[in-house]
Amino acid sequence: MVNAFREGLRRAMGAPRMLGVLVLVNVLFALPAAYTMSSILQSAIGPSLAERNLRQGFDAGWYGGFEFKAQGLATTFAPSLVGIGAVLNNAEALLDGSLLDGYAGVAAAGLAFLILWTFLNGGVLDCFRDERIFFSTSQFFGAGARYFGRFVRLLLMSGVLYFLLFRYAAPWMFRRVDAMTHNTTEERTVLALTAAAYLLVLFLFSLIAMVFDYAKISLVQRERRSAVAAAIEGARFVFHQPFRAFGLYCLGGVLFALAVVFYWIVAPGANQSRWYSVAGAFLLGQAFIIARLWVRLVFLASQTAFYTNASRSSISAA
Amino acid sequence: MRRFHIAPFVLLLSVIGLLVPQAGHTQTPAGALSARNANYDIQVALDPRQKTLDGREVLTWRNETDAPATELWFHLYYNAWKNTQSTWLKEDSLRGARAKVRPEDWSYIDVSSVRVLPEAPFDAADLTSAKRFASPDDGNPEDQTVLIVPLPRPVGPKETIKVEVVFHSKIPRTFARTGYRGNYFFIAQWFPKVGVYQPDGKWNCHQFHAATEFFSDYGVYDVRMTVPRGYVLGATGVLKQKTENPEGTTTYEYFQEDVHDFAWTASERYLERTARFEEPGLPPVEMRLLLQPEHSSQAERHFAATRAALKHYGTWYGAYPYGHITIVDPAYDSGAGGMEYPTLFTAGSRWLNPEGGGSPEGVTVHEAGHQFWYGIVGNNEFEDAWLDEGFNTFSTARTMEAAFGENVYVRRYFRTFLPVLFRDIKLDRMIAGNRLDGYRNAIAQDAQSRPTYLYYPPVASTITYSKTALWLSTLERELGWETLQKILSTYFDRWKFKHPKPADFFAVANEVSGRDLTPFFDQVYRSSAIFDYAVQSVDSQPAAPRGYIDKDGGHIYSAPPAGDDAPPLYHSRIVLRRLGDGIWPVDVEVAFENGEKLRERWDGRERYQVYEYDGPSKIRYAIVDRERKLLLDVDYTNNSRLLEPRPEFAARKWASKWMVWFQDLLATFASFS
């Protein structure tokens, strides 16, 4: 497991151009919406003197009026986007199952990006197929196209499980916490049980993600035609060595947590007032996005290494 | 003929006149702060397993008016949560769906006996069978929050009657402020409480409404509460006696004079802390804090906030007279937090509560502040709730700023357990403290002059809290703090331990300010006018006229002077608009590129106003109400306009931050793949 993680780190670090492609896709996908938000804000600030306050910091008075009139994409703008709030807002939405709530346009963009990422996963896993990292743009996108249909079928299968988790299982868990703590007067008890429920949701989410990661890996490694067979293989693989599989996933999780903690410490606030400080704050944010995407590569690379090692071991044993 | 010596007769009449109280005036007993006409001697026992109270009260009630009282009207607040047919729950449903209510959550109060006790001039009488419920506000026959007890003989002016009431209550799991959670109890509005008898011979005893609080007369409370041994108890007043009973219970006797309500709390988990408030020029106050164990590190924060309230309210308005105060930190999610009772109040905190976010300091200051507005100045919270909530919201914001500076924005994540402070996002008193956002979100609302219990429930709090605080802040900026403080302190001094009405406050405001503020109160109190002033446009053009000019009997074409040696001259114009119905005089500041600034005073009456200037410089900007005196202006963004606006930088700065969030969101969606 540790060796697989080390190998995953090595492979992920050996694919900077691929990381660059992924970052570029993320940025290009976000840019039109960011441009639209910029136009919305320009219109809302208008010719008023609020511009000065917003240039130097945040104007809570202006924001109250903006929020009152906000519609559509404008409703997604909030002071909690500053610094680590951007990450926490999304983490909370994920674990609360509310990613699709709110403005439908953003939810649609997220789902579209999910489809796009499904395509890109094919190129990533093809690149990490073996120890020798070879990246070429044509091969990357070609692999993406080759596996896209089967990956979409896997996505639909996992989608059913995620739906069951976030629409039924997770709400049921939190209702159970409410029922169990109905007469509890100590907040720490309720907090502990709520944290346990969140951890359980995170565990189940991770389990589904893990199973379908290995399904994709198996599909690529063995060139399977059947997504259903790959899904079964993924589940079998995880449940055959659950502790090591989950342990490896946790190592990736620790890496992600470190990135979040580091960003929490360095994340810029609201008070940039010069173009270079605004640019610096933006670049820090991009650094976090890059780190996040790189951690995703580590997940896929290390799981690929783990899968291939385990497969070799079982073949040798046989 | 015998002379009739009139002088002794006149002297006798004068002495009699001095001794007989004037008609309609409340008589304050010697040494008392208030009329003390509604006095209670109560014994009550709590059964924590059954969640019930069994009580017996003796009400000693004096008719302070000249109109004989043929009935006694009582509030039975617990019946508001007896079933879904009550007025309270029907109105509450307008505010949104309520979480599922379990069978054991409902409440009631049953009066099993009402007897007149024999004390001259009244004979003993059993009135139990004569009592009946009434619904004076909405005629709801199912509402049982008002009980009428006809009397066998009227209580004449200044006569006193003693009535014994025996009651049994089922304590609610908290719907609003009073109730239990587990073995934590906060007991408020728990006993049959007599209404207020008015000089016109009518009872002011409203049904319990979702958007209102309470109203009752001042008196003396002597209350003995029996709870299981091991419970820590706090109550209005001071502990007079504690008795350990042989059956494993403890009886606490609390006593308080000159208050109009009595609340108490009991829990096995309270930690008790004490401290003392001392401030030059103000009487000392012993502070007792009943704290949840997980908040033990926050004791000093509660004391600091209470001190701040006692100091600033005491300095600004008048001294807190009781000498003691109890601060209650309620149990988690008990629903009892953030509420005031005489000499006792509930604050409310969380286990993770970093400093700087305004909690628990804000709620502590606010509820301690209610000792002044509501406790000492006893307005009718059914009809004029704004007189205490609005005054207190304004005062709380002022105190928080004076004692703790600006708050910062706090967002609580993961079902509110994880607080994160955004230290760069500052919330100033004028906007956040006075709750402008809440007011703006419920603009289409009743005029404040409408009785509070008739407000549309979902927006009632914005009128009572936000709107009042905002117009008080406007008055502060218009008159100056010194004048407003004098208004409030005069009003406080004149109406302490009494029941003022809005007209009483307005009269003091006019008197002390030396101005007729009626037009202002017409706008903010008697109407629901919306204020919105705006700068519609700013323009600067070269001043020389263009076009045909008459000359020498003909026309010549005139164009702006050309060449570098031509001195620039600009004709500038600003157009101001009144977009709302509210009218208020506003200052206008016009700034020019050469640094010159002009001030205009617009009476704000017409729908638009134009100002024009000729000068060597173009306009840079115009702004209506630069000092933001008119806090009720619902859109301050349109109050200013730059001739050459450049919103791009600010817009791009904030869009770049938004983009990082959006990119992270996309990555989060990708984690499903």
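Angles under 35 degrees between two helix axes count as roughly parallel, over 145 as roughly antiparallel, 65 to 115 as roughly perpendicular and the rest as oblique. The exercises below apply this to a predicted model.

**Exercise 1. Determine how helix 5 of chain A and helix 12 of chain B are oriented to each other, and describe their contact.**

Step 1. Two packed helices are described by the angle between their axes and the distance between the axes. For helix 5 (residues 85–95) of chain A and helix 12 (residues 648–670) of chain B, the axes come within 9 Å and cross at roughly 30 degrees.

Step 2. Since angles under 35 degrees count as roughly parallel, helix 5 of chain A and helix 12 of chain B are therefore roughly parallel to each other. The crossing in which helix 5 of chain A passes helix 12 of chain B is right-handed.

Step 3. On the side of helix 5 of chain A, the contact is made by A:Ala86, A:Val87, A:Asn89, A:Asn90 and A:Leu94, while helix 12 of chain B supplies B:Trp661, B:Asp664, B:Leu665 and B:Thr668. Sorted by class, the residues of this contact are five nonpolar, three polar and one charged.

**Exercise 2. Classify the packing of helix 6 of chain A on helix 12 of chain B, and state the classes of the contact residues.**

Step 1. Helix 6 (residues 104–127) of chain A packs with helix 12 of chain B at an angle of about 55 degrees, and their axes are 8 Å apart.

Step 2. That angle makes helix 6 of chain A oblique to helix 12 of chain B. Helix 6 of chain A passes helix 12 of chain B in a crossing that is right-handed.

Step 3. Among the contact residues are A:Gly110, A:Phe113 and A:Trp117 of helix 6 of chain A, together with B:Trp661, B:Leu665 and B:Phe669 of helix 12 of chain B. The contact divides into 14 nonpolar residues, one polar and no charged.

**Exercise 3. Repeat the classification for helix 5 and helix 8 of chain B.**

Step 1. The axes of helix 5 (residues 386–404) of chain B and helix 8 (residues 460–479) of chain B come within 7 Å, and they cross at roughly 60 degrees.

Step 2. Helix 5 of chain B and helix 8 of chain B are therefore oblique to each other, and their crossing is right-handed.

Step 3. Residues of helix 5 of chain B, including B:Trp386, B:Phe391 and B:Arg398, meet residues of helix 8 of chain B, including B:Tyr465, B:Trp471 and B:Glu476. By class, this contact has eight nonpolar, five polar and three charged residues.

**Exercise 4. Describe the largest pocket and the second largest pocket by volume and lining.**

Step 1. The largest pocket has a volume of about 1,200 Å³. It is lined by 38 residues, of which A:Ala91, A:Leu94, A:Leu95, A:Leu202 and A:Phe256 are the closest to its centre.

Step 2. Two or more residues of this lining come from each of helix 5, helix 8 (187–221), helix 10 (242–266) and helix 11 (275–317) of chain A, and from helix 12 of chain B. The lining of the largest pocket divides into 29 nonpolar, six polar and three charged residues.

Step 3. For the second largest pocket, the volume is about 950 Å³. Its lining has 35 residues, and B:Asn407, B:Leu427, B:Ala432, B:Gly433 and B:Arg435 lie nearest its centre.

Step 4. Helix 5 of chain B gives the most to the lining of the second largest pocket, with five residues. The classes in this lining are 15 nonpolar, 12 polar and eight charged.

**Exercise 5. State how many cavities of 30 Å³ or more there are, and describe the largest cavity and the second largest cavity.**

Step 1. The count comes to six cavities of 30 Å³ or more.

Step 2. The largest cavity has a volume of about 110 Å³. Of its 14 lining residues, A:Tyr263, A:Pro268, A:Ala281, B:Lys657 and B:Val660 are the closest to its centre. Helix 11 of chain A gives the most to this lining, with four residues.

Step 3. The lining of the largest cavity has nine nonpolar, four polar and one charged residues.

Step 4. The second largest cavity has a volume of about 70 Å³, and its lining includes A:Phe151, A:Tyr162, A:Lys216, B:Phe672 and B:Ser673. Helix 7 (137–180) of chain A gives the most to the lining of the second largest cavity, with five residues. By class, this lining has eight nonpolar, three polar and one charged residues.

Terms used
Residues are numbered from 1 along each chain as its sequence is written. Chains are lettered from A and ligands numbered from 1 in the order in which they are written. This is a predicted model: local features need pLDDT of at least 70, side-chain atom pairs count only at pLDDT 80 or more; totals for chains, interfaces and linings use all residues. Side-chain values use heavy atoms; hydrogens and water are left out. Axes are lines fitted to C-alpha atoms, for helices over the stretch in contact, and angles run from 0 to 180 degrees between N-to-C directions. A crossing is left-handed if the near helix is turned anticlockwise from the far one by less than a right angle, and right-handed if clockwise. Contact means heavy atoms within 4.5 Å. Ala, Val, Leu, Ile, Met, Phe, Trp, Tyr, Cys and Pro count as nonpolar, Asp, Glu, Lys and Arg as charged, and the others, Gly among them, as polar. On a 1 Å grid over the protein atoms alone, a cavity is a set of points where a 1.4 Å probe fits but cannot get out, and a pocket is an open set with protein on both sides within 12 Å along at least five of seven lines; lining residues have an atom within 4 Å of a point. Grid points are joined across faces, edges and corners, and a volume is the space filled by probe spheres set on the points.
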